[in-house]
Number of protein chains: 4
Amino acid sequence: MAIRVTVWNEYLHEVQFPEVAEVYPKGIHGCIADFLKDAGMDVRTATLREPEHGLTQEVLDSTDVLIWWGHMAHHEVADEIVDRVYQRVLNGMGLIVLHSGHASKIFQKLCGTNSGMLKWREDGEKEILWVVDPGHPIVQGLEEKIIIPHEEMYGEHFNIPQPDEQVFISWFEGGEVFRSGCCWHRGKGKVFYFRPGHEVFPIYHMPEIQKVITNAVKWAAPTNAPEIVYGNTQPVVELHAKLEHSIQGLHEQKDIDA
Amino acid sequence: MAIRVTVWNEYLHEVQFPEVAEVYPKGIHGCIADFLKDAGMDVRTATLREPEHGLTQEVLDSTDVLIWWGHMAHHEVADEIVDRVYQRVLNGMGLIVLHSGHASKIFQKLCGTNSGMLKWREDGEKEILWVVDPGHPIVQGLEEKIIIPHEEMYGEHFNIPQPDEQVFISWFEGGEVFRSGCCWHRGKGKVFYFRPGHEVFPIYHMPEIQKVITNAVKWAAPTNAPEIVYGNTQPVVELHAKLEHSIQGLHEQKDIDA
Amino acid sequence: MAIRVTVWNEYLHEVQFPEVAEVYPKGIHGCIADFLKDAGMDVRTATLREPEHGLTQEVLDSTDVLIWWGHMAHHEVADEIVDRVYQRVLNGMGLIVLHSGHASKIFQKLCGTNSGMLKWREDGEKEILWVVDPGHPIVQGLEEKIIIPHEEMYGEHFNIPQPDEQVFISWFEGGEVFRSGCCWHRGKGKVFYFRPGHEVFPIYHMPEIQKVITNAVKWAAPTNAPEIVYGNTQPVVELHAKLEHSIQGLHEQKDIDA
Amino acid sequence: MAIRVTVWNEYLHEVQFPEVAEVYPKGIHGCIADFLKDAGMDVRTATLREPEHGLTQEVLDSTDVLIWWGHMAHHEVADEIVDRVYQRVLNGMGLIVLHSGHASKIFQKLCGTNSGMLKWREDGEKEILWVVDPGHPIVQGLEEKIIIPHEEMYGEHFNIPQPDEQVFISWFEGGEVFRSGCCWHRGKGKVFYFRPGHEVFPIYHMPEIQKVITNAVKWAAPTNAPEIVYGNTQPVVELHAKLEHSIQGLHEQKDIDA
């Protein structure tokens, strides 16, 4: 069965700036949706200004992997929707956060840090992404590096938790480095942050970048995860000894009190 | 200079239940404060019902390591104070979360998961904590295991991100295991979660448990961390080529628009 | 294309002890090969007493994932063959090490520790494996725990490097815990250690155990990894300044001297 | 008590090449020993051509942290001495591997990979080391980056296991990046790899580099680690049921046979 992807885009730059619309006539989401469809995936899009930002419970429940692109309107994303996405990730939905999505509410919430903190510069300088984990499924079919002729720079320190799997590290012409491809597990879900992808530089038209995102969707797709029982549970094996006087009564009281 | 520790306690059980007050006549915070003072630390306490929960900006700014114990009133902790603690951790303050603090707002925020999710049972069964990283500073001076005769059980799955450093894993008589001693780095700060510590079982009177907490305070104490520059920065080395037409103007427009 | 698996077994117990032969009439390797074939894989077997232990360069070059079971004759495995397997793992072959394979030369070499060190006891006690990373591909289709009625105990401390991905933790009736399902990346290859699997207890006949091993084979199978260039390489971008007097001559001398 | 450090150096370049002797008149080991003594440590040195390479069991047993610099004669280091160092690390001795020590036998053995594999170039280009874990004890008292005007380049892919703690990432003028400061735990010991440090470029005279190495020695110094019991152990808690017929006899037979 095809992986069901929802590509979410803020979709403001493309509407407001002809320079951006020229690069992404169908929006960044449209561009990404196109190459994922070509890769055989079942793709929808959603954008900020739609009701519930296009991310109703129904949409999320039928999404295997959500792709997130936002830049200048992170604050407009409703906390309620952020919580909804967060719960779906913990329940198994994959999440791929692109470029300026590093400062989105959802990514910060999943990081547990203020991942909006980094260095940046828009001089269109060269970026080179180096593969540092060559056996990782996200880099299959690639070469050992990806060269992007003109990009916005992001530099360390990037305030993220150490990635569970570090896939790419970037070099920038002006002297900076950046952890550009980072994986984390969160609950039953998987999260991939991928740095490249400015609204003016035509990054998402590059075949190598498309390859990475396509691989990442496959990596992040949910598995048939075990059902987990949480809460007050009975012993799996019989207890040797139990305390003579249970403290249960005490806690019943507490519950009333709380 | 002595490490400055603030021990935070919800301090509700001790007030409401004689059974608890008997175990911790000065409150759980008082007990912990005492053994940390004996270890040469500069210790204060703070509790939920104080103004700002006793965690004013001034208190946090002069705290090296904060210890957190809460159980039945996590929801009473104001979001504003949670944010304040969060920022201090990212800026270098150590945080030690004990037992039922796993479900506190601050721990969930730093985890990036709903760490409140786990199995539990209050039958006073035996717990054995095994050291799995014997070279870790938090286990120095200990034996290879700590046996607690009667404890509340916490069982996997515990919904945390994989620890950066896994120090202890617990065994419970009823058949469960638990990742009981877990370290994470968050920004400039360090976080240690330590499972033992019920309000009725006299866990914090055990010398081995006191040793772990004392070691953890030393491990989590802030270092003289580098100053980090975030934001729009100049290149460290001269750029070979710059794009002919800067995209700066475009972004100035955007800022106005946003 | 089917994944090409080679199941390697010491194959001594089954030959020498009727009690073992009764449990595994085709050898442990035969049992494992059978269920992997049923899962659609292309499976061969190899054993210690074959020439080159059945692991010729040709066999390894056409193996996607190697499964390793050994117990009492680790010292009989030739260092040359160990090196051959090691190189293949670094070049992308998956390796699944089972049970007493923890003390094999190849596993120790890939760990970088003396992974032979652990506690053990053969009282046939109960083992419960708990899933601690429910989104991991290796646990798909399972329940949250696997109960093995009678097993040999392995207990911490297990002298391994902290796993890149911790999948299972075991509970044993006698009071021990164990990191029973552990993943590491090594070069382009992936390594999974899975604890269960004694020669007398019929572990590999259990459907859940078969499921884990089948999932692990899929996880460890090589990807189309990038070609990496190692050694003395030219700059990707032109150097601003080069030292006036190269130190190359110096090193040419050195090479002669060394 | 002062930390007892042994600085090990191949000590061949300094003897053979006046250009190197000029930079390090007392040898690289002499230079490092001097600044560690100034930091209050108890320092000895040892070199390749001494009997047992200066690393007798007695020397290692009284060493808290060993620093390793080698380049062109890794193959001359006796396997027996490598094993001796390896055992000491697993038993708690810290190890700091510098620069070309990445290809040493001892580092490869502790990595579990062929860590000798990387890109290199000796054009004396600029290197910038960026701190990516600002709360790590190894970076205390530093700035957010270290600029080295002329260095040998090392580039990814560097064939190491993902570090337990990633402290520095380097930028090189020619377009490469490198994981330049990496921590691992191995048994009771800690290992730090630090990239800078060529025999001709006067790296070890730089105060920032001296600061990193001094911090690393403190981080890697052994703690009072728990005694671990390995081998055949009795249950901690009484077993509910034991198999009727022990399989012990079977294994006694096996031992005779093996």
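Helices and strands in these legends are DSSP runs, a helix being H or I over at least four residues and a strand being E over at least two, and both are numbered from the N terminus. The model shown is predicted, so to speak of local features takes pLDDT of at least 70 and side-chain atom pairs count only at pLDDT 80 or more, while totals for chains, interfaces and linings use all residues. Residues are numbered from 1 along each chain as its sequence is written, chains are lettered from A and ligands numbered from 1 in the order in which they are written, and side-chain values use heavy atoms, with hydrogens and water left out.

**View 1. The loop with His157 in chains C and D.**
In chain C, look for His157(C) in the loop that runs between β6 and β7. The peptide bond leading into it from Glu156(C) is cis, with omega near 10°. Now try chain D, where His157(D) sits in the loop between β6 (145–155) and β7 (165–172). Here too the bond from Glu156(D) to His157(D) is cis, this time with omega near 15°.

**View 2. Tyr11 of chain C and its positive phi.**
Tyr11(C) lies in the loop that joins β1 (4–9) to α1 (13–16) of chain C. Though not a glycine, Tyr11(C) has a positive phi, about 55°.

**View 3. How chain A and chain B are related.**
Turn chain A by 180°, with 0.0 Å of shift along the axis, and it lands on chain B with an RMSD of 0.0 Å. Such a relation is that of a two-fold axis. Within chain A, Gly112(A) has the C-alpha nearest this axis, 2.2 Å away. The superposition is by least squares on the C-alpha atoms of residues with pLDDT of at least 70 in both copies. The copies meet through the same surface, because 97% of the interface residues of chain A are interface residues in chain B as well.

**View 4. Where chain A touches chain B.**
With contact meaning heavy atoms within 4.5 Å, chain A brings 64 residues and chain B brings 63. Together they bury about 5400 Å², with 57% of that on carbon and sulfur atoms; buried area is the accessible area (1.4 Å probe) that two parts lose on being put together, summed over both. What does the polar contact count come to between chain A and chain B? There are 22 residue pairs in polar contact, both residues at pLDDT 80 or more. A polar contact is a pair of N or O atoms within 3.5 Å; within protein, one must be able to donate a hydrogen and the other to accept it, and residues adjacent in sequence count only if both atoms are side-chain atoms. Several elements of chain A each give at least two residues to the side that touches chain B, including α5 (79–90), β5 (119–131) and α8 (248–257). β5(A) gives the most, seven residues. By class, this side of chain A has 26 nonpolar, 23 polar and 15 charged residues. Ala, Val, Leu, Ile, Met, Phe, Trp, Tyr, Cys and Pro count as nonpolar, Asp, Glu, Lys and Arg as charged, and the others, Gly among them, as polar.

**View 5. Where chain C touches chain A.**
A turn of 180° with a shift of 0.0 Å along the axis lays chain C on chain A, at an RMSD of 0.0 Å. Asp164(C) is the residue of chain C that comes closest to that axis, its C-alpha being at 3.6 Å. Both copies use the same surface, as 100% of the contact residues of chain C recur in chain A. Each side of this contact is made by 32 residues, 32 from chain C and 32 from chain A. The buried area is about 2400 Å², and carbon and sulfur atoms give 65% of it. Which three residues supply the most of the area that chain C buries against chain A? Pro134(C), Glu144(C) and Pro226(C) do, with 23%. Eight residue pairs, both at pLDDT 80 or more, are in polar contact across this interface. β5 (119–131), β6 (145–155) and β7 (165–172) of chain C each supply at least two residues of the touching side. The largest share, four residues, comes from β5(C). That side counts 15 nonpolar, eight polar and nine charged residues.

**View 6. A salt bridge inside chain B.**
Asp79(B) and Lys105(B) pair through their side chains in a salt bridge, 2.9 Å from N to O. Asp79(B) belongs to helix α5 (residues 79–90) and Lys105(B) to helix α6 (residues 105–111), so distant parts of chain B, 26 residues apart, are linked. A salt bridge is a side-chain nitrogen of Lys or Arg within 4 Å of a carboxyl oxygen of Asp or Glu.
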